[in-house]
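Please look through the sequence and the model below. Then follow the text with the structure in view.

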Amino acid sequence: MNAGRWERAAEQYARGEHRSGADLDLAVEFAEPKGTERALDVGSGGGHMALALSSRVNSVVLTDPVRAMLVASRRIFQEAGRTNAEFVSAAAERLPFATATFDIVSSRLAAHHFEDLDVAWQEIKRVLKPSGIFVLVDTVAPDDIESAAFLHEVETLRDPTHRHTLSRDQWLRLTEFNGFRVRRTEVVRKAHDFEPWLKRGGEDAATMARVRARFAGAPATAKNALDIVLREGVVSSFTDSKLVICAAVQRRSAR
C-alpha cells in the first residue's frame with residue numbers, strides 16, 4: 001500500500017463526499033443496530049461509516065492501516081462529541097482481535113483497496129460473533145464489459161491503490177464463497193463532482209491530465225453507463241453505482 005499517498009489524502013477523505021449518501025444510510029439500516037452492539041469498521045478512512053453507527057451501538061472500533069486516516073477520523077468523532085470509539089492501526093487481512101468479538105462488522109468504500117479479498121473476508125468472518133452481521137458498501141462495475149474495463153482503468157490511473165472493480169454478482173459470489181449468507185442487497189447511484197474526485201487520488205498533474213482526457217474521450221457505452229457530463233468539453237461529473245450488502249455467517253447444517 002502507498003501509505004504516503006493516503007497520508008496526503010486523509011483530510012480530503014474526512015471532509016469530502018463520503019460524509020453522506022444513500023449508501024451510508026442504507027448500510028446503517030441494513031446493520032439493524034439495537035444499541036447494545038460492539039461494532040468494527042474495517043478500512044475506516046475518514047470514519048463516516050463508524051460515525052453513523054456510533055450513535056446506534058454501544059461501541060465501535062475503527063481500523064485503518066494508515067495513521068493519518070485514524071487521526072482524521074478521530075478528529076471527526078471529537079467534533080461530533082462521540083466518545084464510544086477506539087482507533088486501531090490494522091489491515092483488513094490481519095485484524096488484531098479475538099475470534100467472535102463483534103456483533104457488527106462494516107466496510108464502506110474500502111474493499112476495492114484490499115490486497116486480498118478472500119483473506120479479508122475470512123478475517124471478518126472470524127471476528128464476527130456467530131449471530132453477527134457483515135455490512136459491505138463498494139463500487140459496482142457496469143454490466144457491459146467495455147464500460148467495466150473503462151471504469152477500472154480510470155480508477156487505477158487516478159489512484160494506483162485501487163485494486164478491484166467487481167460486478168454485483170462477483171461481490172455476492174465472493175461473500176457467499178467465504179461462508180456468508182447474503183440477506184439483503186441494494187444498488188444505489190452516486191454522483192461525483194469530477195475535479196474533487198480526481199484530486200483525492202493524489203497523483204501528479206500529468207496523470208490527472210490523462211484521466212481528464214480518458215473521461216472526455218470515453219467510449220459511448222461508458223459515457224452512458226457512468227452518466228459522464230461534459231460542459232464545453234470539460235468533464236463536470238460522473239455517476240457510478242454502489243452495492244450495499246447485508247450478510248450473516250453461514251451456519252453449518254447439523255448432521
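The paragraphs below go from the strands to the nonpolar cores and then to single residues.

The model is predicted. A good place to start is strand 2, which covers residues 59-64. Strand 1 and strand 2 run parallel and are joined by 5 bridges. Within this pairing, Leu-40 has Val-61 of strand 2 as its bridge partner. To get from strand 1 to strand 2, the chain passes through helix 3, residues 48-54, in a right-handed β-α-β crossover.

Strand 2 also pairs with strand 3, residues 85-89, again in the parallel sense and over 5 bridges. Here Thr-63 stands opposite Val-88 of strand 3. A right-handed β-α-β unit is formed by strand 2, helix 4 (residues 67-80) and strand 3.

How many residues of strand 2 are buried? The count is 6 of the 6, so strand 2 is largely enclosed by the rest of the structure. In a regular strand, side chains alternate between the two faces of the sheet. In strand 2, Ser-59, Val-61 and Thr-63 lie on one side, while Val-60, Leu-62 and Asp-64 lie on the other. Both faces are covered, and the residues on each are all buried.

Next come the nonpolar cores. In soluble globular proteins, nonpolar side chains tend to be buried together. The largest nonpolar core in this model has 31 residues. Leu-40, Val-105, Phe-114, Trp-121 and Trp-171 are those with the most contacts inside this core. At least two residues each come from strand 1 (38-42), strand 4 (102-108), helix 5 (117-127), strand 5 (128-140), helix 7 (168-177) and strand 8 (234-249). Helix 5 gives the most, with 5 residues.

Phe-114 can serve as an example from this core. Leaving aside residues up to four places away in sequence, Phe-114 touches Val-42, Ala-92, Glu-93, Ser-107, Ala-120, Trp-121, Arg-163 and His-164. Another core lies apart from the largest one and has 28 residues, among them Leu-24, Ala-39, Ile-133 and Val-188.

The last residue to consider is Ile-104, which lies in strand 4. Is Ile-104 buried or exposed? Ile-104 counts as buried because its relative accessibility is 2%, and the cut-off for buried is under 20%. Ile-104 and Ile-133 are 29 residues apart along the chain, yet their C-alpha atoms are separated by 4.9 Å. Ile-133 is also one of the residues that Ile-104 touches, with residues up to four places away in sequence not counted. Other contacts of Ile-104 include Ala-39, Leu-40, Leu-53 and Leu-128.

Notes. Residues are numbered from 1 along each chain as its sequence is written. This is a predicted model: local features need pLDDT of at least 70, side-chain atom pairs count only at pLDDT 80 or more; totals for chains, interfaces and linings use all residues. Side-chain values use heavy atoms; hydrogens and water are left out. A nonpolar core is a set of buried Ala, Val, Leu, Ile, Met, Phe, Trp, Tyr and Cys residues joined through side-chain atoms within 4.5 Å. Buried means under 20% relative accessible area, exposed over 50%, partly exposed in between (1.4 Å probe, protein chains only). Helices (H or I, at least four residues) and strands (E, at least two) are DSSP runs, numbered from the N terminus. Contact means heavy atoms within 4.5 Å. Two strands pair if DSSP finds at least two bridges between them. A crossover is right-handed if, with the strands pointing away from the viewer, the path from the first strand over the helix to the second runs clockwise.
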